[in-house]
Amino acid sequence: MRTSILVLAPEGRDAEVIGSVLGEIGMETQSCADMAALCRSLGDRTTALMLSEGALGDVDPLAAWLEDQSPWSDLPIVILTSRGSRRAGRGRQEFFQSLGNVTLLDRPLHREALQSAAQAALRSRTRQYRTRSHLEEITKATSHLEERVADRTRALQTEMADRRRAESALVQAQKMEALGQLTGGVAHDFNNLLQGIVSCLAALEPTVPDGTPRQLFEAANRSIERGAWLTQSLLSFARRQMLMPEATDLGKLLSGMGSLLERTLGGQIAVMIEVPPGLPAALIDRAQFESAIPNLVINARDAMPAGGRLSMTAFVAEIGSDGNGTIPVELASGTYVAIRVEDTGSGIDPTVMPHVFEPFFTTKPIGKGSGLGLSMVHGMATQSGGGIHIDSTPGAGTAITLYLPSASTGTAMPDAPAAEVEPGAGRTILLVEDDAIVRMGTMALLENLGHRVIEADSGEEALAVLSDGAEIDALVTDFAMPGMNGAAVVRGARQLRPGIPALIVTGYADTPDFGEAVRLLRKPFSPQQIADCLTVMLPE
């Protein structure tokens, strides 16, 4: 996006200096002679305003323009203040608040502060542009949908009931997609927080004495594990979980889970598992599937407090291009392996049904359910390339059907053996992480493993380190960073140092196909996990 910052700073060479300082970081400025010229230059493409407080005379035209902004727009304004030009106390504050999205910078100005304020304004405006784009896309999609609905209504009156079901399913799918995007972003940020705590605790572990401090230390680690489980559930719902799909024999897998399911259900609920011979293998992440089935079974158990019957049936489902009301709308045509979990419990109230896949939504009492079970199952199924459908009648039971993509072979790839960790390898690691706390903790963790660490807070700084000729044995970089992301850092590093071992750490799996050997490590990671990765990456 091309930046355009309007500058109104008529005192001395202020405008020229501001343009020069911001030009150092690639930002384009436009100097305005007075308030009238600034207002004439305003538009949706304006990134931000940088105004001298002394130039704020008649701001009514500017205030009027700000008041008439589009709903998505909240133009960032940086005001350069000085003690001699300040208005009186409360009135001054109210004046600034009336302009909206205002940041104050006191003189004398420092280069870093000015550049940081401009970059913050740019990030804020970029998010607003993204919101505008989303709103335009939603508006176009809605308009297109309404046109199609109107056309079909006139031509196909007999299909009104089917059309209503399709509209409802589409709206629900769009709603779940929006929730997934929000949830995935929250989980990614939470994983960063957890990683900072994990790394710092790992660095402190050798200094924690036995007794109460050690017990508190272990309690903190257990809380981190619970937080990690929470984020994994959120990422499963958001379809940003790292999946390792493999061809899996569901008959063998379900049979092996039989005793576990019986213990989970207790003695009052009869369990029946039926898998026909010759069932094709399913292409799934085995660990995610093994988490999804108990979630469905626990929900069924809670719906049958007085006992009942639970059946689990596997079958082949051929999905055509026409579909019907019992097939998830996200399913493409093809062959699927379906798992139907059916109980004789209390069923689901129709008013609750539209919300059952939403994260944290639950009808259970406080402390009896997290509201993440069905959302995690939904995310696992859809990210795997399948879907989920619920049939329920209040008082008569519920049937949940998982549609999973079939595989041409049922041979699962064996797990790679874990590498033996040998701390004290004494290698030089270039660590790239924009979050200062996470970077500090990860640096301490790597140093405890015996490595020498060179840190960089951006991809540009990391490439500068490599350009300067520093001897680097491996690159460890975050993925989601402003400016250059981890993929771009790896590509740039390998142009400078072909074949340099690279490890990307990420809070979620929304990463591109690199087309070259790059290892991925999910946050929050333990000292053992990153040590394993480095041991495999680094030659003897």
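# Helix H9, two sheets and a core

Trainee: What is the phi of Gly266, just after H9?

Mentor: Gly266 takes a positive phi of about 85°, and this glycine comes just after H9. Keep in mind that the model is predicted.

Trainee: Which residues of H9 are called buried?

Mentor: Helix H9 spans residues 258-265, and its buried residues are Gly258, Leu261 and Leu265. The word means that each has under 20% relative accessible area.

Trainee: How do you know where the buried residues of H9 fall, seen down its axis?

Mentor: They fall within an arc of 65°, so they line one face of H9. As background, an α-helix has 3.6 residues a turn, so residues three or four places apart point the same way.

Trainee: What covers the buried residues of H9?

Mentor: The cover includes helix H8 (250-256), strand S7 (269-274), H10 and strand S9 (308-319). H9 itself lies across S7 and S9, and runs at about 155° to S7.

Trainee: What makes S7 and S9 a pair?

Mentor: Pairing needs at least two bridges. S7 and S9 have six bridges and run parallel, so they count as paired. Within S7 and S9, Val271 stands opposite Leu310.

Trainee: In what order do the five strands of that open sheet come?

Mentor: The order is S7-S9-S10-S12-S11, with mixed pairing. S7 and strand S11 (387-393) are the edge strands, each pairing on one side only. Direction ignored, neighbouring strands are turned by 20° against each other on average.

Trainee: Which strands of this sheet does H10 touch?

Mentor: H10 packs on the sheet and touches S7, S9, strand S10 (334-343) and strand S12 (397-405). The direction of H10 makes about 170° with that of S12. Angles run from 0 to 180 degrees between N-to-C directions, so a value of about 170° puts H10 and S12 in nearly opposite directions.

Trainee: How many residues are in the largest nonpolar core, and which touch the most other members?

Mentor: The core has 36 residues; Leu250, Phe289, Ile293, Leu310, Met312, Ile339 and Leu402 touch the most other members. Helix H10 (residues 286-302) gives the largest share, six residues. In soluble globular proteins, nonpolar side chains tend to be buried together.

Trainee: What does Ile339 touch?

Mentor: Leaving out residues up to four places away in sequence, its contacts include Leu250, Phe289, Ile293, Met312 and Leu402. Each contact has heavy atoms within 4.5 Å.

Trainee: Which strands form the open sheet with parallel pairing?

Mentor: Five strands form this sheet, in the order S14-S13-S15-S16-S17. Strand S14 (452-456) and strand S17 (519-522) each have a single partner strand, so one side of each is left without a neighbour in the sheet. From one strand to the next, the twist averages 20°.

Trainee: How many bridges join S13 to S14?

Mentor: Five bridges join S14 to strand S13 (residues 428-432), and the two run parallel. At least two bridges are needed, so this is a pair as well. Ile429 stands opposite Val453 in S14.

Trainee: What angle does H12 make with S14?

Mentor: Helix H12 (residues 436-448) touches S13 and S14, and its direction makes about 165° with that of S14. Helix H13 (residues 459-467) lies across S13 and S14, at about 155° to S13.

Trainee: How many helices and strands does the protein have?

Mentor: There are 15 helices and 17 strands. Of the 540 residues, 43% count as buried.

Conventions
Residues numbered from 1 in each chain as written. Predicted model: local features only at pLDDT ≥ 70, side-chain atom pairs only at ≥ 80, totals over all residues. Heavy atoms only, no water. Helix = DSSP H or I, 4+ residues; strand = E, 2+ residues; numbered from the N terminus. Core = buried A, V, L, I, M, F, W, Y, C linked by side-chain atoms within 4.5 Å. Buried < 20%, exposed > 50% of the residue type's maximum accessible area, 1.4 Å probe, protein only. Arc of directions from axis to C-beta.
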